[in-house]
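This report describes the fold of a single protein chain, its sheet, its principal pocket and a selection of individual residues. The sequence and the structure are shown first.

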Amino acid sequence: MLVTGGTSGIGKAICELAKGAGAHVLTCGTDPKRLEESELRGVPAVEVDLADPGSTKILTEAVDRFLGRLDVLVNCAGVQVEWNVAEFADRHVVRT
């Protein structure tokens with residue numbers, strides 16, 4: 001099982017529950033300190049920024065190394081954007 005964004009919040013809870021149920025779990029994120037904490041809890045963690053197209057190769061190699069294959073993907077990764085929607089997008093774009 002790969003849990004993106006599994007170093008905090010809901011993703012972290014999913015990792016802990018899955019690990020406790022006996023699943024093989026891998027997570028990824030961008031914060032080195034949180035990744036290290038994940039490793040200490042027994043969940044391998046890879047530093048990748050999913051907004052970077054090059055992260056696909058890194059993540060694929062990590063799945064091969066730690067899991068052998070990918071059976072389950074839980075996407076909890078998020079991006080924090082700080083901008084005013086009204087300034088940058090028209091109403092049609094915001095609704096879709």
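## Overall architecture

Along the sequence, the protein chain follows the pattern β-α-β-α-β-α-β-α-α. The model is a predicted one. The protein chain contains five helices and four strands.

Of the 96 residues in the protein chain, 28% are buried. Contacts between residues at least 6 apart in sequence include a share of 43% that joins residues at least 24 apart.

## The sheet

Four strands form an open sheet in the order β3-β2-β1-β4, and the pairing is parallel. At the edges stand β3 (45–47) and β4 (73–75), each of which pairs on one side only. From one strand to the next, the twist averages 20°. In general terms, the strands of a sheet pair through backbone hydrogen bonds, in either a parallel or an antiparallel sense.

Strand β1 covers residues 2–4 and pairs with β4 in the parallel sense over three bridges. In this pairing, Val3 stands opposite Val74 of β4. The pairing of β1 with β2 is likewise parallel and comprises three bridges; here Leu2 stands opposite Leu26 in β2.

Strand β2 is covered on both faces. Leu26 and Cys28 lie on one side, Thr27 and Gly29 lie on the other, and all of them are buried.

## The largest pocket

The largest pocket holds about 360 Å³ of space. Two elements give two or more residues to the lining of this pocket, namely α1 (9–20) and β2 (26–29). Helix α1 gives the most, with three residues.

In total, 20 residues line the largest pocket, and those nearest its centre are Gly5, Gly29, Thr30, Ala77 and Gly78. By residue class, the lining divides into eight nonpolar, nine polar and three charged residues. Gly29 thus appears in two descriptions: it lies among the residues nearest the pocket centre, and it is one of the buried residues of β2.

## Buried residues Thr7 and Ser38

Thr7 is found in the loop between β1 and α1. Thr7 counts as buried because its relative accessibility is 10%, where the cut-off is under 20%. Apart from neighbours within four places in sequence, Thr7 is in contact with Lys12, Thr27, Cys28, Arg34, Leu35 and Ser38. Two of these partners, Thr27 and Cys28, are buried residues of β2.

Ser38 lies in helix α2, which covers residues 32–40. With a relative accessible area of 0%, Ser38 is buried. Residues up to four places away in sequence being left out, Ser38 touches Thr7, Thr27, Val43 and Ala45. Thr27 is therefore a contact of Thr7 and also of Ser38, given that contact means heavy atoms within 4.5 Å. Between Ser38 and Ser8, which are 30 residues apart in sequence, the C-alpha to C-alpha distance is 9.2 Å.

## Exposed and partly exposed residues

His24 belongs to the loop between α1 and β2. His24 counts as exposed because its relative accessibility is 64%, and exposed means over 50%. His24 is in contact with Met1 and Leu67, its neighbours within four places in sequence being left aside. His24 and Leu2 are 22 residues apart in sequence, and their C-alpha atoms are 8.6 Å apart in space.

Asn75 has its place in strand β4, which is one of the edge strands of the sheet. At 57% relative accessibility, Asn75 counts as exposed. Asn75 and Thr27 are 48 residues apart in sequence, with a C-alpha to C-alpha distance of 10.0 Å.

Thr60 is located in helix α3, residues 55–66. Thr60 counts as partly exposed because its relative accessibility of 44% falls between the cut-offs of 20% and 50%. Thr60 and Leu70 are separated by 10 residues in sequence and by 9.2 Å in space, C-alpha to C-alpha.

Key. Residues numbered from 1 in each chain as written. Predicted model: local features only at pLDDT ≥ 70, side-chain atom pairs only at ≥ 80, totals over all residues. Heavy atoms only, no water. 1 Å grid on protein atoms, 1.4 Å probe; cavity = no way out; pocket = protein on both sides within 12 Å on 5 of 7 lines; lining within 4 Å. Points joined across faces, edges and corners; volume = space filled by probe spheres on them. Nonpolar A, V, L, I, M, F, W, Y, C, P; charged D, E, K, R; others polar. Pairing = 2+ DSSP bridges. Axes fitted to C-alpha atoms, helices over the stretch in contact; angles between N-to-C directions. Buried < 20%, exposed > 50% of the residue type's maximum accessible area, 1.4 Å probe, protein only.
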